[in-house]
Amino acid sequence: MPKMTFIETDGNRREVDAPLGLSVLEIAHKNSLDLEGACEGSLACSTCHVVIEPEWFDVLPDAQEDEEDMLDLAFGLTKTSRLGCQIIMTEELDGLVVRLPGGSNNAMKG
């Protein structure tokens, strides 16, 4: 089974199983990692924002316009930021490393 590594806000690295077909958001939730995903992957928020380690960024498919629009709202946006709900695990992504940012902007909370 593919694996991926989450770098938590405190710098701790957690390697986890990353089943094919699941999103990074789903994998984080399955492993009790602190990645919010307030809209449950419907591209209506930016709370599943992750920072892709640079060596992996160009391996990912390009972000679509809807994802880019939501990323504009993300807290701590970087050049390698993506939404975890939009990254689906494939064999090519075995070993993927993502960093969890230190906060989020949740426009859904009122």
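**View 1. The largest nonpolar core of this predicted model**. The largest nonpolar core (buried Ala, Val, Leu, Ile, Met, Phe, Trp, Tyr and Cys residues joined through side-chain atoms within 4.5 Å) has 28 residues, and those with the most contacts inside it are M4, F6, I52, I87, L96 and V98. Two or more residues each are given to this core by β1 (3-7), α1 (24-30), β3 (49-52), α3 (65-71) and β5 (96-99), where helices (H or I, at least four residues) and strands (E, at least two) are DSSP runs numbered from the N terminus; the largest share, four residues, comes from α1.

**View 2. Surroundings of V98**. Leaving aside neighbours within four places in sequence, V98 is in contact (heavy atoms within 4.5 Å) with M4, T5, F6, I7, V24, V50, V51 and I52.

**View 3. E67 in helix α3**. E67 counts as buried because its relative accessibility is 2%, the term meaning under 20% relative accessible area, with exposed over 50% and partly exposed in between (1.4 Å probe, protein chains only). Not counting residues up to four places away in sequence, E67 touches L43, R82, L83 and Q86.

**View 4. L60 in the loop between α2 (54-57) and α3**. At 5% relative accessibility L60 counts as buried, and, beyond four places in sequence, L60 touches I52, R82, I87 and L93. The C-alpha atoms of L60 and E92, 32 residues apart along the chain, are separated by 8.8 Å.

**Notes.** Residues are numbered from 1 along each chain as its sequence is written. In this predicted model, local features need pLDDT (the predictor's confidence in each residue, from 0 to 100) of at least 70, side-chain atom pairs count only at pLDDT 80 or more, and totals for chains, interfaces and linings use all residues, while side-chain values use heavy atoms, with hydrogens and water left out.
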